[in-house]
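Here is a short tour for anyone meeting this structure for the first time. Have a look at the sequence and the model, then read on.

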Amino acid sequence: MSTISEKIFSRASGKNAKANDFVIADVDFAMAHDGTSVLAVKSFKEMEEEKVWNPDKIIIPFDHLTPANTDTTAALHHEIREWIKEQKISNFYDVGEGICHQLLPENGFALPGKLVVGADSHSCTYGAFGAFGTGVGATDMSEIFASGKLWFKVPESLKITAEGNFKSGVYAKDLILKIIGTLGVAGATYKAAEFYGTAIDSMSMSGRMTLSNMAIEMGGKAGIIPPDKTTFDFLEGIASEEYEPVYASEDAVYSDEYTFNANELEPQIALPHQVDNVNDIGDIKPTKLDQAFIGTCTNGRLEDLEVAASILKGEKVAIRTLIVPASRNVLIEAVRKGIIETLLEAGAVIGSPGCGPCLGGHMGVIGKGETCISTANRNFKGRMGTGGFIYLASPATAAASALTGEITDPREI
Ligand SMILES: CC(C)[C@H](C(=O)O)[C@@H](O)C(=O)O
Ligand code: SF4
């Protein structure tokens, strides 16, 4: 009678863990990026710890402010690189390698049944592989660095089922926006969502990652998809260690259940400044744009760039269009497939793999009163620049909108 989360926490804590129990769990993999490792390392040093618990289980990607944008960032990067050397952390990904939530899956650290904790809220992305992936603060991460353990309250679970087939022009991003619009930004607070249904089964790993990535935007502690052949095929030859897939019992208890119908889904837009301010694209008023941004841990994968290129091929963008691949691998593949050439010819700017302008810290910031359509996961006030307005959408919608300069249904292009 257990959910996926209860089973993973039972294994990781060595006791029969049930929802709402407090447990101390062994973490399988721990991640901190350039933005959060600074504080995690500071607090690790303050604890007067000498050695990390296991240098092969810690993953540090530099992705948020990369390449360094200021003297301060450069100094912090330098400090962390020194600590990484000193601690012999084996999984360090320096500037240009890509976004943490892309690198962990690509390098086989997001594995079924594992407890993967990151000092970043979108660590729920690893749920796409049937892991319990979750984000913690930097000081909690310092405790994991030291001991490999952390306390957790085992979450209750929600069952979210999506049946049917997506219409052309409709994607995983539209589904997760619809789900968040329905449940609200607090609809899954401290709960683990488990995703089921034919619409999920037929999704690629890329689409599944988009879905799990945004579980936190409804307050979710995790967003888990039961692993299947698609998962195992993806992990073939890249899994960093052995894993044991975990599935919910038939009689697992869920605090709530929701069902969505992919057949009826339209392209969705989250209007500023809340992620749950979601509408069918046909229901919003004409909206002029200043910038389009395609990238991030939500939608910066090969499939996303491919969709954008198919829309932009042979055309010219009407507004500033920034495209930032999620990782070096994505960029290399996109170069090989001619996708980057198509995007450049269409007038897009290609950024180096990383978070890019997603959180407004680096490149591509928008000015006061400007509007941006973005494939990211957050449209909070001021996130991409003070006084800016962010509209969240799929890569197809963002690309179609880049062509016209206003929010545009990709099916009309
Ligand atoms: C900088 C980091 C702490 C933050 C997060 O945790 O999500 C960032 O990645 C974001 O998307 O806002
Ligand atoms: S791409 Fe955006 S949402 Fe993802 S980790 Fe980077 S800043 Fe956070």
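Keep in mind that this is a predicted model. A good place to start is Cys-358, which sits in the loop between S16 and S17. Is Cys-358 buried or exposed? With 29 other C-beta atoms within 10 Å, Cys-358 is buried, because 20 or more such atoms are enough to count as buried. Setting aside residues within four places in sequence, its contacts are Thr-296 and Ala-376.

Cys-355 belongs to that loop too, the one between strand S16 (349-350) and strand S17 (371-374). Cys-355 is buried as well, this time with 30 other C-beta atoms within 10 Å. If you skip residues up to four places away in sequence, Cys-355 touches Asp-63, His-64, Ile-99 and Thr-296. Thr-296 therefore turns up as a contact of Cys-355 and of Cys-358, given that a contact here means C-beta atoms within 7 Å.

Here are the two cysteines side by side:

| Residue | Other C-beta atoms within 10 Å | State |
|---|---|---|
| Cys-355 | 30 atoms | buried |
| Cys-358 | 29 atoms | buried |

What brings these two up together? In an unreviewed UniProt entry, the annotation "binding site" covers Cys-297, Cys-355 and Cys-358. They span 62 residues in sequence, yet no two of their C-alpha atoms are more than 9.3 Å apart, so the three gather at one spot.

Now for ligand 1. Which residues are around ligand 1? They are Gly-35, Thr-36, His-64, Asp-120, Ser-121, His-122, Gly-135 and Leu-359. Sorted by class, this shell has one nonpolar, six polar and one charged residues. His-64 is a name to remember, since it is listed around ligand 1 and is also touched by Cys-355.

Stepping back, the domain assignment splits the protein into domain 1 (4-260) and domain 2 (271-412). Taken over C-alpha atoms, the centres of domain 1 and domain 2 are 24 Å apart. Where they meet, 33 residues of domain 1 are in contact with 29 residues of domain 2. On the domain 1 side, the elements giving two or more residues are helix H4 (100-106), helix H6 (172-183) and helix H8 (205-213). H6 supplies the largest share of that side, with six residues. By class, the side of domain 1 that touches domain 2 has nine nonpolar, 17 polar and seven charged residues.

Terms used. Residues are numbered from 1 along each chain as its sequence is written. Chains are lettered from A and ligands numbered from 1 in the order in which they are written. This is a predicted model: local features need pLDDT of at least 70, side-chain atom pairs count only at pLDDT 80 or more; totals for chains, interfaces and linings use all residues. UniProt positions are given in the numbering used here, feature names are shortened, and annotations may be inferred rather than shown by experiment. Helices (H or I, at least four residues) and strands (E, at least two) are DSSP runs, numbered from the N terminus. A residue is buried if 20 or more other C-beta atoms lie within 10 Å of its own, exposed if 12 or fewer, and partly exposed in between; C-beta atoms are placed from the backbone. Two residues are in contact if their C-beta atoms, placed from the backbone, lie within 7 Å. Domain bounds come from an automatic or database domain assignment. Ala, Val, Leu, Ile, Met, Phe, Trp, Tyr, Cys and Pro count as nonpolar, Asp, Glu, Lys and Arg as charged, and the others, Gly among them, as polar. A residue is near a molecule or strand if its C-beta atom, placed from the backbone, lies within 6 Å of it.
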